[in-house]
Structures are given as structure tokens and as C-alpha cells.
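Work through the exercises below with the coordinates open. Each task is followed by a stepwise solution.

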Amino acid sequence: FYCFVPPLARGANRYLQEQGSPLRAYDITGVTADGLVQYLRGGDPVVVWITRDLTAPRTGQFIWTLSDTGAEYVPYVNLHCVVLIGWGRGVCVLMDPLEGIRTADQQAFLESFSGMGRRALVVH
């Protein structure tokens, strides 16, 4: 189905280290809108978790049992991961793996981003 920031950051950091890159991936979950803008101004695109259609998060009928804790987890059915690459004039610019570069209404983006726990990753 999907993963969130920690395994993606671990994989990215392993790859970056193997390539001898000075760059590192950082879990910036909880970042605010102002924080997102600061990363973009610094030249750092930000990987963000939102919903596919920028509506409220939805879950389905599947249930996962987490092997490490035994807890049950109900996965999202409209989760989507994109790269935030631009911001301004009421819109944000996203690199969407399904649609390519697209714009989204900032308010709808922020509501979706917040609804998904403000999960984000940056590489710099």
C-alpha cells in the first residue's frame, strides 16, 4: 500500500551515503506552512503526504495488524505522496508522480497536508 516518512528517510540516507553524497534526508513531520515556504526559499523541494484529491483522509475496509506491536491499523485509501516544488499567489506547485507538474489551491493543499499529519521529508 504505502509507507510514511521513516522508511523513506532511511532508504534515502542509505542511498545517499552509498553514493558519497553530503546530502541527507530529514523527517520534518509537523512542519508548518511557513516552514514549507522556508525550505522552498532555500531551494529544497519537500516530499509531502496529502490525499489524492485534496479531500479529507478516508479509510477503507482493510485492517493491518502491525507485527511489532500487534496493534490494528486501518490504512488510508486516498493517500498520495507528492513533491512540493513551488508556492505563491494562492497556489502551490506539486510534482505529482501520477500527473506530472501541477498546481493546487494552497488552502486545499494545507487542509489535506494537515489531515495527513503534516508528514514531510526534505533532502539537503
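A disulfide is a pair of cysteine sulfur atoms within 2.5 Å. The model used here is predicted.

**Exercise 1. Cysteines**

Task: Determine how many disulfides the whole structure holds, and check the sulfur distances of Cys 81 and Cys 92.

Solution.
- Step 1. Searching the whole structure gives zero disulfides.
- Step 2. For Cys 81, the closest cysteine sulfur belongs to Cys 3, at 7.6 Å, which is too far for a bond.
- Step 3. For Cys 92, the closest cysteine sulfur is that of Cys 81, at 14 Å, again too far for a bond.
- Step 4. The surroundings can be added: Cys 81 is partly exposed at 27% relative accessible area, while Cys 92 is buried at 0%.

**Exercise 2. A salt-bridge network**

Task: Starting from Arg 52, trace the salt bridges that share partners, and state where the partners lie.

Solution.
- Step 1. The structure holds five salt bridges. The cut-off is a side-chain nitrogen of Lys or Arg within 4 Å of a carboxyl oxygen of Asp or Glu.
- Step 2. Arg 52 pairs with Asp 96, with 3.8 Å between the closest N and O atoms. Arg 52 sits in the loop between β2 and β3 (64–65) and Asp 96 in strand β6, so this bridge ties together parts 44 residues apart in sequence.
- Step 3. Compare the accessibility of the two residues: Arg 52 is partly exposed, at 31%, and Asp 96 is buried, at 0%.
- Step 4. Arg 52 also meets Glu 99 in a salt bridge, at 2.9 Å from N to O. Here the loop between β2 and β3 is linked to the loop between β6 and β7 (100–105), where Glu 99 lies, and the two residues are 47 apart.
- Step 5. Glu 99, partly exposed at 44%, forms a further salt bridge with Arg 102, whose closest N and O atoms are 3.9 Å apart. Arg 102 is buried, with a relative accessible area of 16%.
- Step 6. Through shared partners, Arg 52, Asp 96, Glu 99 and Arg 102 form one network.

**Exercise 3. His 80**

Task: Is His 80 buried or exposed, and which side chain makes a polar contact with its side chain?

Solution.
- Step 1. His 80 is located in strand β5.
- Step 2. The relative accessibility of His 80 is 7%. The cut-off for buried is under 20%, so His 80 is classed as buried.
- Step 3. The side chain of His 80 makes a polar contact of 2.8 Å with the side chain of Asp 96. Asp 96 is also the salt-bridge partner of Arg 52.
- Step 4. Beyond four places in sequence, His 80 touches Val 48, Trp 49, Ile 50, Thr 51, Arg 52, Asp 96, Pro 97 and Leu 98.

**Exercise 4. The nonpolar cores**

Task: Find which members of the largest nonpolar core touch the most other members, and which elements give two or more residues to this core.

Solution.
- Step 1. The largest nonpolar core has 17 residues, and those touching the most other members are Leu 36, Val 48, Ile 50, Leu 94, Phe 109 and Phe 113.
- Step 2. Two or more residues come from each of α2 (33–41), β2 (46–51), β5 (79–88), β6 (91–96), α3 (106–115) and β8 (120–123). The largest share, three residues, comes from β2.
- Step 3. Take Leu 36 as an example: beyond four places in sequence, Leu 36 contacts Val 31, Val 46, Val 48, Leu 84, Phe 109 and Phe 113.
- Step 4. A separate core has ten residues, including Ala 9, Val 47, Met 116 and Leu 121.

Note on methods
Residues numbered from 1 in each chain as written. Predicted model: local features only at pLDDT ≥ 70, side-chain atom pairs only at ≥ 80, totals over all residues. Heavy atoms only, no water. Core = buried A, V, L, I, M, F, W, Y, C linked by side-chain atoms within 4.5 Å. Buried < 20%, exposed > 50% of the residue type's maximum accessible area, 1.4 Å probe, protein only. Helix = DSSP H or I, 4+ residues; strand = E, 2+ residues; numbered from the N terminus. Contact = heavy atoms within 4.5 Å. Polar contact = N/O pair within 3.5 Å; in protein donor to acceptor, adjacent residues only side chain to side chain.
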